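Colleague: Hey, got a few minutes to walk me through this one? I'd like to jump around a bit and ask about whatever catches my eye.

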Amino acid sequence: MNRRRPLLAVVWWCVLLWLYVPLLAVAVMSFNASRFGVQWSGFSLTWYAALLSDREVAAALVNSLIVSGTATLLSTLLGTLLAVGLSKHHFRGKRLVEASASLPMLTPDIILGVSMVVYFTMLGISLGYGTIIASHIAYQIPFVAFIVRAGLQSLDPALEDAARDLGAGEWQVLTRVTLPSARWSIAAAAVTAFALSFDDFVITFFTAGSGTGTLPLQIYSMLKRGVSPKVNALFTILMVAGVLLAGAASLLAGRRSADSADFADQ
Amino acid sequence: MLLAATASPAALYLLLLFVVPVLLTTCYTSLRDTQPGARGPSLANFAALLEPVYLSVFATTFRLALLTAAVCLAVGFPVALYIVSRVKARPFLLLLVSLPMWTNLLLLNYAWIVILRREGFLNHVLIGLGLIGEPAGFLFSHGAILLGLVYTHLPYAVLILYATLERQDPAQTEAARDLGAGAFQTLVRVVAPQAAGGMTVAFLFVFALGLGSYVTPELLGGGKVVMIGTLLQSQVMEMGNLPLAAAGSLCVMLVALALLAAFLFAGRQVGEERPR
């Protein structure tokens with residue numbers, strides 16, 4: 001497929017331009033000294049300074065880090081175990097577990113949000129950070145399991161067999177061979193899970209109740225108040241953070257394939 | 001066999017905090033009658049959803065989700081073809097297309113507000129070029145929502161289409177070209193038919209996500225265009241009418257489940273497309 005395809009290249013560049021121009025526009029505006037309109041009136045870091053001294057934003061960021069950190073830790077643990085169980089063992093009802101483990105990925109997040117509110121209300125559990133974290137974990141587990149399973153599949157089964165032949169028990173095989181060799185996939189899964197939780201607005205919005213503030217909730221209320229240069233600055237920072245997370249996840253996934261190549265060589 | 005149990009904590013978690021909540025909401029709460037003194041299950045909530053107000057919300061949602069899926073497919077296909085054709089640059093190009101997925105959904109929509117609003121870039125440019133005299137209101141329209149939905153869903157479509165196209169044997173296109181087929185003919189008669197399964201998956205996936213969208217219609221529609229997401233949110237948070245929201249959720253869920261079945265079927269077709 002190495003023929004030159006000028007028409008495809010034109011479409012590609014147009015789409016790329018269309019994808020990035022709006023984001024770059026926000027980034028450029030965040031350095032604009034002018035408060036209103038799109039007239040450029042000089043480079044300025046005013047809005048970043050204003051953002052840094054905004055206590056509400058700082059508090060929301062801390063809340064978000066705690067919520068997403070906790071949810072990521074637990075979902076990575078549960079999701080990794082799920083991946084191990086699904087890829088290494090056959091048991092009755094496995095298809096059912098597989099299906100219900102992939103359904104949350106296909107369920108529109110608003111349905112998850114509504115269902116959680118109805119459920120928590122029925123159980124008399126008051127909405128707050130606990131319910132946000134609990135919902136995020138359910139949302140993250142399938143993605144973690146999916147990524148870790150892909151990593152486990154590229155692992156040479158001969159390694160585990162060798163460990164068994166050398167007298168290792170099931171638990172030792174898991175903790176000394178299987179999990180260490182899947183470490184980069186697990187790390188990639190954790191980064192992805194964190195990004196999913198940190199960026200989530202809809203599920204959080206429904207399960208938050210009043211008196212809670214994570215960063216996306218804070219952003220939403222700022223947006224409802226209209227376009228402000230401070231929002232531009234905040235978004236530019238989040239964009240850079242997103243690029244870093246994406247880069248980290250793809251590097252980790254790359255290490256995964258490098259790892260399995262190493263194993264194949266040995 | 002100690003390890004056969006490793007899947008159980010997560011399975012239990014998903015059962016208690018995904019399967020049960022969704023089933024309870026869709027199959028139990030949706031049947032609850034909110035009328036005072038009413039007893040037993042009733043279809044009152046579903047009957048309420050048949051009121052013209054709600055029917056038009058459903059119609060708008062389906063139309064916009066269908067359009068979004070169609071545009072994503074039409075734009076995503078050539079993009080995926082281009083990425084596949086640049087063999088060495090594939091990973092980098094894929095990363096370029098998928099980067100927006102790593103950005104906050106609120107930001108992706110906000111970026112378009114900055115472009116489209118009355119004091120925004122688009123009006124600025126159009127007035128500067130002398131094409132229009134007065135700033136035009138691009139925001140808060142079906143068009144703005146469609147633009148936002150395509151913008152936020154295109155990466156998914158490209159990734160799915162790429163996965164199918166990448167598996168095709170380049171020798172087949174070469175053969176078609178050597179036998180005298182033009183680029184267009186090769187595309188229509190060789191490449192596209194083999195990618196039919198992947199195209200179906202991409203279309204259905206984007207459609208399902210589009211049905212449940214909330215942020216885009218809220219920010220770019222500004223309350224003037226109401227989709228199901230906004231309806232559900234207002235029933236839960238403003239009206240406190242959980243049963244009606246539950247009934248609406250069931251409708252969306254049923255469509256999503258029907259799509260899942262189609263999805264699995266199409267997925268099997270994709271599996272069969274591997275070069276033999």
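Colleague: Let's start with A:S115. Which helix of chain A is it in?

Modeller: That's helix α5, which covers residues 109-123 of chain A. Keep in mind that this is a predicted model.

Colleague: Is A:S115 buried or exposed?

Modeller: A:S115 counts as buried, because its relative accessibility is 0% and the cut-off for buried is under 20%.

Colleague: What does the side chain of A:S115 reach?

Modeller: The backbone oxygen of A:I111, at 2.8 Å.

Colleague: And which residues does A:S115 touch, if you skip those up to four places away in sequence?

Modeller: B:P21, B:V22 and B:T25.

Colleague: OK, chain B then. How many residues of each chain are in contact across that interface?

Modeller: 84 residues of chain B are in contact with 84 residues of chain A.

Colleague: What area is buried between the two chains?

Modeller: About 7800 Å², and carbon and sulfur atoms give 79% of that.

Colleague: Why quote an area for an interface?

Modeller: The size of an interface is often given as the accessible area lost when the parts come together.

Colleague: How many salt bridges are there across it?

Modeller: The rule finds 1 between chain B and chain A. The side chains of B:E218 and A:K224 meet there, with 3.3 Å from N to O.

Colleague: Which helix of chain B gives the most to the side that touches chain A?

Modeller: Helix α1 of chain B, residues 8-28, with 15 residues.

Colleague: And how many residue pairs are in polar contact between the chains?

Modeller: The count is 8, taking pairs with both residues at pLDDT 80 or more.

Colleague: Let's step back to chain B as a whole. How many helices and strands does chain B have?

Modeller: Chain B comes to 13 helices and 0 strands. Its C-alpha trace spans about 75 × 75 × 35 Å along the principal axes.

Colleague: What share of chain B counts as buried?

Modeller: 51% of its 276 residues. Chain B also exposes about 12300 Å², with carbon and sulfur atoms supplying 68% of that area.

Colleague: And what part of the contacts in chain B is between residues 24 or more positions apart?

Modeller: 71%, counting contacts with a separation of 6 or more.

Colleague: Got an example of a residue inside one of those helices?

Modeller: Try B:T61, in helix α3 of chain B, residues 52-85. B:T61 is buried because its relative accessible area is 0%, under the 20% cut-off. A polar atom of its side chain lies 2.7 Å from the backbone oxygen of B:V57.

Colleague: Which residues does B:T61 touch, again leaving out those up to four places away?

Modeller: B:L211, B:M227 and B:I228.

Colleague: What about B:L259, where does that sit?

Modeller: In helix α13 of chain B, residues 242-271. B:L259 touches B:L204, B:F207 and B:A208, not counting residues up to four places away in sequence. B:F207 is 52 residues from B:L259 along the chain, and their C-alpha atoms are separated by 8.9 Å.

Colleague: Is B:L259 buried or exposed?

Modeller: Buried, because 12% relative accessibility is under 20%.

Colleague: Anything odd about the backbone of chain B?

Modeller: Have a look at B:F140. Phi of B:F140 is near 60°, a positive value in a residue other than glycine. B:F140 is found in the loop between α6 (121-128) and α7 (142-166) of chain B.

Colleague: Back to chain A. Which residues make the nonpolar surface patch of about 450 Å²?

Modeller: A:V28, A:W40, A:F43 and A:L45. A:W40 is found in the loop between α1 (6-29) and α2 (46-52) of chain A, and A:W40 is partly exposed, at 47% relative accessible area.

Colleague: Last one: what does the side chain of A:Y129 make a polar contact with?

Modeller: The side chain of A:N63, at 3.0 Å. A:Y129 lies in helix α6 of chain A, residues 129-153. Apart from neighbours within four places in sequence, the contacts of A:Y129 also include A:V67, A:G211 and A:T214.

Colleague: Great, that gives me plenty to look at. Thanks!

Technical notes. Residues numbered from 1 in each chain as written. Chains lettered and ligands numbered in written order. Predicted model: local features only at pLDDT ≥ 70, side-chain atom pairs only at ≥ 80, totals over all residues. Heavy atoms only, no water. Patch = residues over 30% accessible without salt bridge, like charges linked within 9 Å, V, L, I, M, F, W, Y side chains within 5 Å. Areas by Shrake-Rupley, 256 points an atom, 1.4 Å probe, with all protein chains shown as cover. Salt bridge = Lys/Arg side-chain N within 4 Å of Asp/Glu carboxyl O. Helix = DSSP H or I, 4+ residues; strand = E, 2+ residues; numbered from the N terminus. Buried < 20%, exposed > 50% of the residue type's maximum accessible area, 1.4 Å probe, protein only. Polar contact = N/O pair within 3.5 Å; in protein donor to acceptor, adjacent residues only side chain to side chain. Contact = heavy atoms within 4.5 Å. Buried area = accessible area lost by both parts, 1.4 Å probe.
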